[in-house]
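The following text is a guided walk through one protein chain for a reader who has not seen it before. Please keep the sequence and the 3D view at hand while reading.

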Amino acid sequence: MVFFITVVISISNYAVRQNKEIEEGWGDSAYVISKVGVNAYTFILQRRLADKGIIVNCVHPGYVMSDMTRGSGNVTPEDAAKVVLNVALEQTTTGGQYVWHDGTVVPWDGPDPRGYIDGKK
């Protein structure tokens, strides 16, 4: 996992140095960077807490209609909450998952997860 994070940071840093972070889809907000950290921390917590029977997963709720998006999202807060609740209440022994707003588990070592935004995996 640390190797993966290092690679992602190296690639995004290269894009920034070339002034191509927007063009290459990395975004330009502190929110984007902080989200990567939160997602990575999910896996750290899962490893640390697994032997205590605690399961840790993260959910990307989608582009939620909220104050933060100025109401321009395409997912209602109610629909976003349903996915989060389903993941939290699901009887599973699998942790360290990254779950997309439609309930799809996104593989961390798979294709670029940004493709899940428009369905082009």
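The paragraphs below go from the overall layout to the helices, the sheet and a few single residues.

The model is predicted, and its confidence varies along the chain. The mean pLDDT of the protein chain is 76, and 68% of the residues score at least 70. Helix H1, residues 2-17, has the lowest confidence, with a mean of 56, whereas H3 has the highest, with a mean of 89.

The secondary structure consists of three helices and three strands. Read from the N terminus, the elements follow the order α-α-β-α-β-β. Of the 121 residues in the protein chain, 24% are buried. Among contacts with a separation of 6 or more, 45% join residues that lie 24 or more positions apart.

Helix H2 covers residues 30-49. Its 20 residues should span 28 Å at 1.5 Å a residue, and the distance between its end C-alpha atoms is 28 Å, which agrees. Which residues of H2 are buried? They are Asn39, Ala40, Thr42, Phe43 and Gln46. These residues lie on the same side of H2, because they cover an arc of only 125° around the axis. The other side of H2 carries the exposed residues Ala30, Ile33 and Arg48.

Two of the buried residues of H2 can be followed further. Gln46 has a relative accessibility of 12%, and it counts as buried because the cut-off is under 20%. Leaving out residues up to four places away in sequence, Gln46 touches Ile54, Ile55, Val56, Gly95 and Gly96. Asn39, also in helix H2, has a relative accessibility of 7% and is therefore buried as well. The C-alpha atom of Asn39 is 7.6 Å from that of Tyr98, although 59 residues separate the two along the chain.

Tyr98 leads to the sheet. Three strands form an open sheet with mixed pairing, in the order E1-E2-E3. E1 and strand E3 (105-106) are at the edges; each has a single partner strand, so one side of each has no neighbour in the sheet. E1 pairs with strand E2 (residues 98-99) in the parallel sense, over two bridges. Cys58 has Tyr98, in E2, as its bridge partner.

Tyr98 also takes part in the one aromatic pair that the structure holds. Its partner is Trp100: the ring centres are 6.0 Å apart and the planes meet at 65°, so the pair is edge-to-face. Such a pair of rings is described by the distance of the centres and the angle of the planes. Are Tyr98 and Trp100 buried or exposed? Both residues are buried.

Helix H3 (77-89) comes after strand E1 (58-59), with a loop between the two. H3 has 13 residues and reaches 18 Å from its first C-alpha to its last, close to the 18 Å expected at 1.5 Å a residue. The buried residues of H3 are Ala80, Val83 and Val87. Seen down the helix axis, these buried residues of H3 fall within an arc of 60°, so they line one face of the helix. What do the buried residues of H3 pack against? They pack against E1 and E2. On the face of H3 turned away from the buried side, Glu78, Asn86, Ala88 and Leu89 are exposed.

Asp79 is another residue of helix H3. Its relative accessibility is 39%, so Asp79 counts as partly exposed. Asp79 and Pro61 are 18 residues apart in sequence, and their C-alpha atoms are 8.4 Å apart in space.

The last stop is Arg70, in the loop between strand E1 and helix H3. Most residues other than glycine have a negative phi. Arg70 is not glycine, and its phi is positive, near 55°. Is Arg70 buried or exposed? Its relative accessible area is 79%, so Arg70 is exposed.

How values were computed
Residues are numbered from 1 along each chain as its sequence is written. This is a predicted model: local features need pLDDT of at least 70, side-chain atom pairs count only at pLDDT 80 or more; totals for chains, interfaces and linings use all residues. Side-chain values use heavy atoms; hydrogens and water are left out. Helices (H or I, at least four residues) and strands (E, at least two) are DSSP runs, numbered from the N terminus. Buried means under 20% relative accessible area, exposed over 50%, partly exposed in between (1.4 Å probe, protein chains only). pLDDT is the predictor's confidence in each residue, from 0 to 100. Two strands pair if DSSP finds at least two bridges between them. Contact means heavy atoms within 4.5 Å. The expected span of a helix is 1.5 Å times one less than its number of residues. The arc is that of the directions from the helix axis to the C-beta atoms. Rings of Phe, Tyr and Trp (its six-membered ring) pair if their centres lie within 6.5 Å; planes under 30 degrees apart count as stacked, over 60 as edge-to-face and the rest as tilted.
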